[in-house]
Amino acid sequence: MVALSSSSSSLTLTLLFVVLLCCSSTYAVSNNLTSSSQPLSPKQTLVSTNQFFELGFFNPTNSSNLYLGIWYKEDSSPHSVVWVANRETPLSSLTSPFLQISFINGNLELLSSQNSFVIWSTELDISSNTTQAILLNNGNLVLTDSISGSVLWQSFHNLGDTFLPSSVLGFNLKTGENYKLISWKSETDPSPGNFSFGIAKKTPPEAVIWIGSEIYSRSGPWDKLKFTGVPEMGSSYKSPYNLVEDVEEGTTYLYFNNGYNDSVASKVLLSPEGMVIIMFKDRVGGYWYASYQGQNNCDRYGICGPFGVCKITESPICKCLEGFKPKSMEEWSQGNWSGGCVRESELNLCHNNNGDQNDDVFGVIGEVCVPDFYEYMENGGNSIDSCHKLCLNNCSCIAYSFINGIGCLVWSDSNTLLDITQFESNTTGDDLFFRLSGFESQLLLQQPGHNDNKIKIMVGVVVAISGVVLLVVVVFCLQRRKNGNKRKASIAMNNDLIWTSGKLKRGGGDDHDQPELHFFDLDSVVMATNRFSIANKLGQGGFGPVYKAWQLWSESRGIKLVDEALGESCINESSKTMMRCIHIGLLCVQDFASDRPSMAQVASMLTNQIFDQPQPKQPIFTFQPSTTTITTHNSGTATSSSTNTRCSATMTMVEPR
């Protein structure tokens, strides 16, 4: 064997390192890219300095297309990719593209090595070769001027399907910029899909999902704390987001309250199916979970049509506002509610001051996400009364709502009341007052100015009815006690107990005198238990002593538990079925929940032809020693003691049949 010199060993190790580096799938070069550095190839990546995000080339699952994107480092889940550069122009895996800073115009460019064709670029109008691309710790890819440090371009202003902390959703009216999410076409195709998610340009703003150019779902207006149409954002909800309007700058931006967090990763994802999913995970060893995932059928925009109300807990989910009727009963009965509802009586707009009984009034529906096409009234005052007066005196106003944090919103007759959703709880939602003709006023709530009188009348009626019910209950109880005193229990043991037609009654009595619900007086119990004999005692619990026929079952004489009134022939013919029922009954009252069958198992036991079930165990509270060992510590010495158990109560998990 020939010994290698130290210089030869060093050369061999160096060559081995180069070979391994070239053969590896990918390796990180740094967190930035400059015009003087080598281009980024498919086997190289940029990694943020905190090691959380990585920029490079990837193939979606079951796809031969090649994309440049950003993902969570060391996260192989389907949701790890957060941004894609060439969504509309995928590359073939057979090509060898590269990413570089152009030494001519300073733009960040993705090129194909075959013909140097520019696949994607930041497309800035600059003439500088001092730019550099940096992957920041928050996942934002920025193009900066290395001399001035100014940001020339950033991926957070060119969003994909994911909204990350430190990025924004919203718009700038002065510059025309609009930052919104665009879904993937499918889980394995990053090309732009059919859905987009952003902030609508209205006052107050609201979040909207669009399908193409049409509204698919909306969040309801922002009330300075939450979106009023999202039921998960109840009164006790602390939103992780904030929406800020800057009138002077012309900007409206939604962003994460706490910004970037080193310990918890969070994001908002727009799925290919048009669902907004809020996701979180621990950065170290965690997995993604969804804290919110819309939506249900009532979240579909205008599903119940004009003047229709959607409530997900009702069947059908759509109904008309009071004073309205379906536009087409035939379509409505078939589950097609898109035509909505129409008024049963026409309005008398601008005729509200003559005191006529046909003057318009306002009905109200509570706990709703207010409809679309609202208009914010700066002169609407700071109370519901002032908002009511403003709408009442406006000939074109057909509805209004006063929302805390927003103020007065009104709807005009040029639009319909479209996309009303009523929530199933009283923790969220607002009141919507809608104009009706006086003809319908007797069926609905009166105007807000008259609500106080109506409430007083309703309270008076409720109190009066409650008093009458209470009086009846008291009289009934007194009469029952009086009848009970007439049947004083005799402790004499020679009184007869007779089973007749399944009713237990005193010997010599009349069937017509027996109560519908059977009551066992003291002497009956005394006879049944043989003067409370200890031989018949099951144990003592929270409801007092319990007596049973365990001895009969243990001695294979369980058939003795069957009522003799059934007749000997009947008992003989059905003895097997009766014993099965007794067996199941004893299993259902076992001491430990693990020994008791569920309702589904009981149903199976009763119906199956083969009955192969465990034998019931003797109840613990028949003076068996407890299997629980209690350990005490006294002066450093551990002692154990075993105690008898008394069953005060047992707990059973309720399951549906």
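In this report, helices and strands are DSSP runs, numbered from the N terminus, with at least four residues for a helix and at least two for a strand. The structure described here is a predicted model, and the account moves from two loops with cis peptide bonds to the nonpolar cores and then to an open sheet.

**Cis peptide bonds and positive phi values**

With the strands named in this way, P204 can be placed in the loop between β18 (189-199) and β19 (206-211), and the peptide bond that leads from T203 to P204 is cis, with omega near -10°. A cis bond is also found from S315 to P316, where omega is near -5°, and P316 belongs to the loop between β26 (308-310) and β27 (318-320). As general background, most peptide bonds are trans, and most residues other than glycine have a negative phi. Against that background, N62 and F307 may be read together, and the table sets out their backbone angle, place and accessibility.

| Residue | Phi | Loop | Relative accessible area |
|---|---|---|---|
| N62 | near 60° | between β4 (53-58) and β5 | 81%, exposed |
| F307 | near 60° | between β25 (289-293) and β26 | 11%, buried |

N62 is exposed because its relative accessible area of 81% lies above the cut-off, which is over 50% for an exposed residue. F307, at 11% relative accessibility, counts as buried, because the cut-off for that class is under 20%.

**The largest nonpolar core**

Which residues touch the most other members of the largest nonpolar core? They are L99 and L108, in a core that has 33 residues. Strand β5 (residues 65-72) gives the most to this core, contributing 4 residues. Domain 1 (28-153) and domain 2 (159-295) both supply residues to this core, and the core therefore lies between them. When neighbours within four places in sequence are left aside, the contacts of L99 include L33, P39, L40, L55 and F57, and L99 is also in contact with L68, L108, E109, L110 and W120.

**A separate core and the surroundings of W337**

Apart from the largest core lies another one, of 30 residues, and among its members are F324, W332, W337 and I365. In general, nonpolar side chains in soluble globular proteins tend to be buried together. Where in the chain does W337 lie? W337 is found in the loop between α2 (329-333) and β29 (341-343), and with a relative accessible area of 15% it is buried. Not counting residues up to four places away in sequence, W337 touches I303, C304, G305, P316, I317, C318 and W332. One of these contacts leads back to a cis bond, since P316 is touched by W337 and the bond from S315 to P316 is cis. W337 and P316 are 21 residues apart in sequence, while their C-alpha atoms are 10.0 Å apart in space.

**An open sheet of four strands**

An open sheet of 4 strands follows the order β2-β11-β12-β13, and its pairing is antiparallel. β2 (32-34) and β13 (151-154) stand at the edges and have a single partner strand each, so one side of each is left without a neighbour in the sheet. From one strand to the next, the twist averages 20°. β2 is joined by 3 bridges to strand β11 (residues 131-135), and these two strands run antiparallel. Within this pairing, L33 has A133 of β11 as its bridge partner, and L33 is also among the residues in contact with L99.

Conventions. Residues are numbered from 1 along each chain as its sequence is written. This is a predicted model: local features need pLDDT of at least 70, side-chain atom pairs count only at pLDDT 80 or more; totals for chains, interfaces and linings use all residues. Side-chain values use heavy atoms; hydrogens and water are left out. A nonpolar core is a set of buried Ala, Val, Leu, Ile, Met, Phe, Trp, Tyr and Cys residues joined through side-chain atoms within 4.5 Å. Buried means under 20% relative accessible area, exposed over 50%, partly exposed in between (1.4 Å probe, protein chains only). Domain bounds come from an automatic or database domain assignment. Contact means heavy atoms within 4.5 Å. Two strands pair if DSSP finds at least two bridges between them. Axes are lines fitted to C-alpha atoms, for helices over the stretch in contact, and angles run from 0 to 180 degrees between N-to-C directions.
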